[in-house]
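Dear colleague,

I am passing on the structure below, and after it I set out what was found on going through it. Please read the notes with the structure open beside them.

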Amino acid sequence: MQPLQVDNPKQVGEYVLAGRLGSGAMGAVYLGWSRGGRPVAVKVAKSELADDAGFRERFRREVEMARSVGGFWTAAVIDADPDAPRPWMATEYVPGPTLHQAVQTSGPLPEEAVRKLAAGLAEALCAIHGAGLVHRDLKPSNVLLGADGPRVIDFGIARALEHTGLTETGAFFGTPGFLSPEQIVGSEVGPRSDVFALGAIIVFAASARGPWGDGNTNALLYRAVHAEPELGDLPPGLRAVAAACLERDPARRPDPAQVLRLLGSPGGTAQQDWLPAPVKTLVEQRHTELKASVPKPGTLRVPTGPERTPLQVGNGVRFRTSRAAQLRWGSVCLAVAALAVGAVAEQGPLRLYEQAVFLGVLLALVGGAARFLVPALRPRRTLAVSREGLVVSEGGQRSQLWWYSIARVRVVPHQTRPWLVVWLAEGAAPPAQLGDRPFGRHHGGLRLFPIAHDEHPSLRDRHVEELRAALSWNLPHSYDPS
């Protein structure tokens, strides 16, 4: 870690910066500390990217998707601000060298360490691809070696940088030696492109050289498209896995789950001892630097700009209850009652039992109209789903739940109609009641929102699917799709 320079920011958002970790295609990366004392890696965009409206929009979209990536072996996205003067994102900080730094410093990793590295990266790709992302720039400098295993970083950044000034001059985005043939020739890029990069990383980690040897950029690109990879330096147990990943035809490559099966069950040393001694020394150095960089109390300056309040739902997905069916059926009841009164008036006096039947029917119709129309006079209830949580509003009142206060959220049938039900985390405060109607109970949870109850079943099904998609996108760690 390098000390901050005079022209480096001292604080980004709500994070105090303690040092410079490096730089990349998007911009500089800093070690930051949250108010609660959590270390984070803060990536700040270059000034030329900040002036690119297209980059900001792609950055916003890719960050939202990256937030949904779980899994053990990825550095989680914690915070971001695409609208800042220079867009930034904060991720989990992993105190350890990159794979590139480790191999440059200490040479190739032993076979068992490479197997555990490859297994961790394959599992990370399962999570990244499961969230709908393709990394597009998986390489040794985007793999951190932590004491407990590897971490993949910068997923989503490559897509955000597409069509910016960095790529529109005819250049490509990526790293020669780790780019798939389809990326090089401009074909469609999918998850199997990341598997190709994984194969190249296996070769690099085990031999300290790429599968296409050395040379200038054009030579490396040509060999990746036309030549066979150089795998002679690999241990026999890794050669078949690397060769499968480095197939030129994407359809012939395994997916990450198949790579895990090819690698077999991890064996040997415990996960905490997976790295060779020289690399463990590098990890320990990072831990020492981290302890020395803890900011002094009172260092954090509260931002003077507009407050970034939780639950900004302007860009969230909204759902509203409908009055259409209630008004329609209430109007039908009143119309039928009016027709009945008119028919009786034309017919003349009724017998006693006919009067009783007519009065009963009239009361039923008027009661039915009231049952439909009175609820229709109530304010409509609105549900907003955003990356921060849920907001239910009604008639100017607002009840909100942040994602960290929600243990589980599901769409469930209650009396044959779909409801959004939330289960609160232990110790979380219940949402504020709206008007005189408390939230109903459902097996320990709260019925937060009725989903299109007054709509046609086909429209209701569509709203349910849209809500499920919104929950899966914005609340992946709390949403229960079952």
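**Rings, helix H2, cores and sheet**

Arg447 lies over the face of Trp419, at 4.8 Å from the ring centre, and in a second arrangement of this kind the charged end of Arg408 sits over the ring of Trp423, 4.1 Å from its centre. Please keep in mind throughout that this is a predicted model.

Turning to rings that pair with one another, the count comes to four aromatic pairs. One of them is formed by Phe55 and Phe59, which are stacked, with 5.5 Å from centre to centre and 25° between the planes. Both residues belong to helix H2, where they are four residues apart, or about one turn of the helix. In general, an α-helix has 3.6 residues a turn, so residues three or four places apart point the same way. Phe55 is buried, with a relative accessible area of 0%, and Phe59 is likewise buried, at 1%.

Another pair is made by Phe178 and Phe204, whose ring centres are 6.3 Å apart and whose planes meet at 75°, so this pair counts as edge-to-face, the cut-off for which is over 60 degrees. This pair links distant parts of the chain, since Phe178 is in the loop between helix H5 (157–160) and helix H6 (181–185), whereas Phe204 is in helix H7 (residues 191–207), 26 residues apart. Both Phe178 and Phe204 are buried.

To return to helix H2, its 15 residues (53–67) should span 21 Å at 1.5 Å a residue, and because its end C-alpha atoms are in fact 21 Å apart, the model agrees with that expectation. The buried residues of H2 include, besides the two phenylalanines, charged ones such as Arg56, Arg58, Glu62, Glu64 and Arg67.

As for the interior, the largest nonpolar core has 63 residues, and Leu99, Leu117, Leu145 and Ile202 are those with the most contacts inside it. Apart from that core lies another, of 23 residues, among them Leu390, Val411, Leu434 and Ala452. Leaving aside residues up to four places away in sequence, Leu117 touches Leu99, Leu109, Val143, Leu145, Pro150, Ile201, Ala205 and Trp274.

Finally, six strands form an open sheet with antiparallel pairing, in the order S1-S2-S3-S4-S6-S5. Strand S1 (11–12) and strand S5 (77–81) stand at the edges with a single partner strand each, so one side of each is left without a neighbour in the sheet. S5 pairs with strand S6 (residues 88–92) in the antiparallel sense over four bridges, and Asp79 has Ala90 in S6 as its bridge partner.

With best wishes

How values were computed
Residues are numbered from 1 along each chain as its sequence is written. This is a predicted model: local features need pLDDT of at least 70, side-chain atom pairs count only at pLDDT 80 or more; totals for chains, interfaces and linings use all residues. Side-chain values use heavy atoms; hydrogens and water are left out. The expected span of a helix is 1.5 Å times one less than its number of residues. Buried means under 20% relative accessible area, exposed over 50%, partly exposed in between (1.4 Å probe, protein chains only). A nonpolar core is a set of buried Ala, Val, Leu, Ile, Met, Phe, Trp, Tyr and Cys residues joined through side-chain atoms within 4.5 Å. Contact means heavy atoms within 4.5 Å. Rings of Phe, Tyr and Trp (its six-membered ring) pair if their centres lie within 6.5 Å; planes under 30 degrees apart count as stacked, over 60 as edge-to-face and the rest as tilted. A charge sits over a ring if NZ of Lys or CZ of Arg is within 6 Å of the ring centre and within 35 degrees of the ring normal. Two strands pair if DSSP finds at least two bridges between them.
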